[in-house]
Amino acid sequence: MYEGDIASVLISEDQIRDKTAELAAAIAEKFPEGQPEGDLLLVGVLKGAIFFMTDLARALPIPTQMEFMAVSSYGSSTSSSGVVRILKDLDKDIAGRHVLIVEDIIDSGLTLSWLMRNLSTRNPASLSVVTLLRKPEATKIDVDVEWVGFDIPNEFVVGYGLDYAERYRDLPYIGTLEPHVYGG
Ligand code: PRP
Ligand code: MN
Ligand code: MG
């Protein structure tokens with residue numbers, strides 16, 4: 001599949017599975033079953049987070065519920081405004097709930113900063129973040145990311161939800177792309 005497009009496997013299927021189990025155990029420790037606020041509410045950020053979200057939910061030894069948000073950022077990558085538009089909002093009210101934002105990757109951190117600000121105005125009981133991947137730039141943002149799977153170098157990566165022009169999301173691992181893919 002995608003013959004000749006993938007330069008290297010950065011994180012294998014096995015590594016993703018092991019890390020997901022590790023993260024799930026840590027999350028379940030903080031949110032044990034049977035809390036008065038109800039089941040932990042996973043909020044997945046479409047579309048990149050869907051693969052991680054469904055695997056994480058199945059790895060978690062606690063009941064969870066799922067909501068999704070789709071957002072799109074405005075402006076150039078050099079802009080630090082972090083203006084984000086909601087394409088699809090949550091279906092349910094999150095007031096009084098324990099909410100866990102699930103992301104595939106934090107790159108500049110703008111999407112997450114905005115999302116944290118937005119969701120915190122809805123008065124959840126708690127708001128925390130798990131991301132499978134984090135790039136160096138993201139450590140500069142003022143958001144406490146409680147659970148990080150892998151800190152990766154500043155390379156463009158695809159697979160396991162991450163796309164280049166909507167392709168490669170369906171790869172089961174995280175890989176880097178051959179330069180000819182961008183060059184055309
Ligand atoms: C990607 C990724 C994160 C976000 C991270 O989503 O899935 O949601 O960018 O970038 P940032 O930290 O610089 O804001 P994208 O907007 O490409 O949409 P997608 O998930 O549908 O691919
Ligand atoms: Mn995304
Ligand atoms: Mg994308």
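Here is a short tour of the protein above, from its overall build to one helix pair and one exposed arginine. Please keep in mind that this is a predicted model. The protein holds 4 helices and 9 strands, and its radius of gyration of 16 Å agrees with what a compact globule of 184 residues would have.

**Overall build**

- If you walk along the sequence, the elements come in the pattern β-α-β-α-β-β-β-α-β-β-β-β-α.
- The C-alpha trace spans about 55 × 35 × 30 Å along the principal axes.
- A compact globule with 184 residues would have a radius of gyration near 16 Å, so the 16 Å of this protein fits that expectation.
- Buried residues make up 29% of the 184 in the protein.
- Take the contacts between residues at least 6 apart in sequence: 66% of them join residues at least 24 apart.

**How α1 and α2 meet**

- Two packed helices are described by the angle between their axes and the distance between the axes.
- Helix α1 covers residues 13–30 and helix α2 covers residues 50–59; their axes come within 9 Å and cross at roughly 60°.
- That crossing makes α1 oblique to α2, because an angle of this kind falls outside the parallel, antiparallel and perpendicular ranges.
- The crossing of α1 past α2 is right-handed.
- On the α1 side, T20, A21, L23 and A24 make the contact, and on the α2 side the partners are D55, L56 and A59.
- Sorted by character, the residues of this contact divide into 5 nonpolar, 1 polar and 1 charged.

**The buried side of α2**

- Which residues of α2 are buried? They are F51, F52, M53 and L56.
- L56 therefore appears twice in this story, as a buried residue of α2 and as part of the contact with α1, where a contact means C-beta atoms within 7 Å.
- The buried residues of α2 pack against α1 and also against three strands: β2 (40–46), β5 (98–106) and β6 (126–134).

**A look at R117**

- R117 sits in helix α3, which runs over residues 110–120.
- Is R117 buried or exposed? It has 12 C-beta neighbours inside 10 Å, so R117 counts as exposed; the cut-off for exposed is 12 or fewer.
- R117 and D14 are 103 residues apart in sequence, and their C-alpha atoms lie 34 Å apart in space.
- D14 falls within the residue range of α1, 13–30, while R117 belongs to α3.

Conventions:
Residues are numbered from 1 along each chain as its sequence is written. Chains are lettered from A and ligands numbered from 1 in the order in which they are written. This is a predicted model: local features need pLDDT of at least 70, side-chain atom pairs count only at pLDDT 80 or more; totals for chains, interfaces and linings use all residues. Axes are lines fitted to C-alpha atoms, for helices over the stretch in contact, and angles run from 0 to 180 degrees between N-to-C directions. Helices (H or I, at least four residues) and strands (E, at least two) are DSSP runs, numbered from the N terminus. Angles under 35 degrees count as roughly parallel, over 145 as roughly antiparallel, 65 to 115 as roughly perpendicular and the rest as oblique. A crossing is left-handed if the near helix is turned anticlockwise from the far one by less than a right angle, and right-handed if clockwise. Two residues are in contact if their C-beta atoms, placed from the backbone, lie within 7 Å. Ala, Val, Leu, Ile, Met, Phe, Trp, Tyr, Cys and Pro count as nonpolar, Asp, Glu, Lys and Arg as charged, and the others, Gly among them, as polar. The radius of gyration is taken over C-alpha atoms; the globule rule is 2.2 Å times the number of residues to the power 0.38. A residue is buried if 20 or more other C-beta atoms lie within 10 Å of its own, exposed if 12 or fewer, and partly exposed in between; C-beta atoms are placed from the backbone.
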